[in-house]
Amino acid sequence: ETGPALAGAESALGEIVVDDGGDTLYVFIPDDGGDSTCYDDCATAWPPLEGVAQATGTVDAALLGTTARTDGAEQVTYNGWPLYYFANDAAPGDINGQGVNDVWYVIAPSGEVIR
């Protein structure tokens with residue numbers, strides 16, 4: 001079973017990692033490149049990207065991985081960071097989650113968090 005395909009996309013913040021539908025993906029700074037710490041209300045607002053992702057375009061397959069969530073689901077990681085969507089992004093290319101509470105940020109195909 002193949003999961004989502006990730007790619008790089010141009011944005012106002014530079015090139016960022018998105019899914020195959022063009023939806024922006026985010027990292028949560030408290031995760032600190034490890035296990036997901038976003039559950040319950042957090043995961044409602046910031047749904048985890050689940051499955052085993054494929055790399056396309058400028059996304060580096062070597063930086064893709066997974067981490068186990070407490071419910072047993074596998075969450076996609078990039079450069080060690082668990083990836084999430086933002087519920088308030090309405091359309092592909094939206095970056096409404098950037099900088100929320102100073103803990104949510106997009107990530108570049110290089111694996112660098114863009115703050």
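Author: Two strands pair if DSSP finds at least two bridges between them; strands (E, at least two residues) and helices (H or I, at least four) are DSSP runs, numbered from the N terminus. This is a predicted model, in which local features need pLDDT of at least 70 and side-chain atom pairs pLDDT 80 or more, while totals for chains, interfaces and linings use all residues. Residues are numbered from 1 along each chain as its sequence is written, and side-chain values use heavy atoms, without hydrogens and water.

Reader: Happy to start there! Which pattern does the protein chain follow, read along the sequence?

Author: The secondary structure comes to 1 helix and 9 strands. Taken in sequence order, the pattern is β-β-β-α-β-β-β-β-β-β.

Reader: In what order do the strands of the open sheet of 3 strands lie?

Author: The pairing in this open sheet is mixed. E1 (residues 5–11) and E4 pair in the parallel sense over 2 bridges, with alanine 5 having glutamine 54 in E4 as its bridge partner. The 3 strands therefore have the order E2-E1-E4, and the edges, each with a single partner strand and one side left without a neighbour in the sheet, are E2 (14–19) and E4 (54–55).

Reader: Let's move along the chain. Which residue in E6 stands opposite glycine 65?

Author: Strand E5 (residues 64–68) runs antiparallel to E6, with 5 bridges joining the two. They form a hairpin with 5 residues between them, and glycine 72 in the turn has a positive phi of about 95 degrees. Across from glycine 65, in E6, is threonine 77.

Reader: And what is the bridge partner of tyrosine 78 in E7?

Author: E6 also pairs with E7 (residues 81–82), in the antiparallel sense and over 2 bridges. This hairpin has 2 residues between the strands, and asparagine 79 takes a positive phi near 55 degrees. The partner of tyrosine 78 is tryptophan 81.

Reader: How many of the 5 residues of strand E6 are buried?

Author: Buried means under 20% relative accessible area, exposed over 50% and partly exposed in between (1.4 Å probe, protein chains only). In the protein chain, 43% of the 115 residues are buried. Strand E6 (residues 74–78) is mostly covered, and its buried residues number 4.

Reader: Is proline 30 buried, partly exposed or exposed?

Author: Proline 30 sits in the loop between strand E3 (26–28) and helix H1 (41–45). With a relative accessibility of 45%, it counts as partly exposed.

Reader: Now for the aromatic rings: is the pair of phenylalanine 28 and tryptophan 104 stacked or edge-to-face?

Author: Rings of Phe, Tyr and Trp (its six-membered ring) pair if their centres lie within 6.5 Å; planes under 30 degrees apart count as stacked, over 60 as edge-to-face and the rest as tilted. The whole structure has 6 aromatic pairs. For phenylalanine 28 and tryptophan 104, the centres are 4.3 Å apart and the planes at 15 degrees, so the pair is stacked.

Reader: How many residues apart in sequence are the parts that this pair ties together?

Author: Phenylalanine 28 lies in strand E3 and tryptophan 104 in strand E8 (residues 104–107). Both residues are buried. The parts that the pair ties together are separated in sequence by 76 residues.

Reader: What is the angle between the planes of tyrosine 84 and tryptophan 104?

Author: Tyrosine 84, in the loop between E7 and E8, is 20 residues from tryptophan 104 in strand E8, and their pair links distant parts of the chain. At 0% relative accessibility, tyrosine 84 counts as buried. The pair is edge-to-face, with 5.1 Å centre to centre and, between the planes, 90 degrees.
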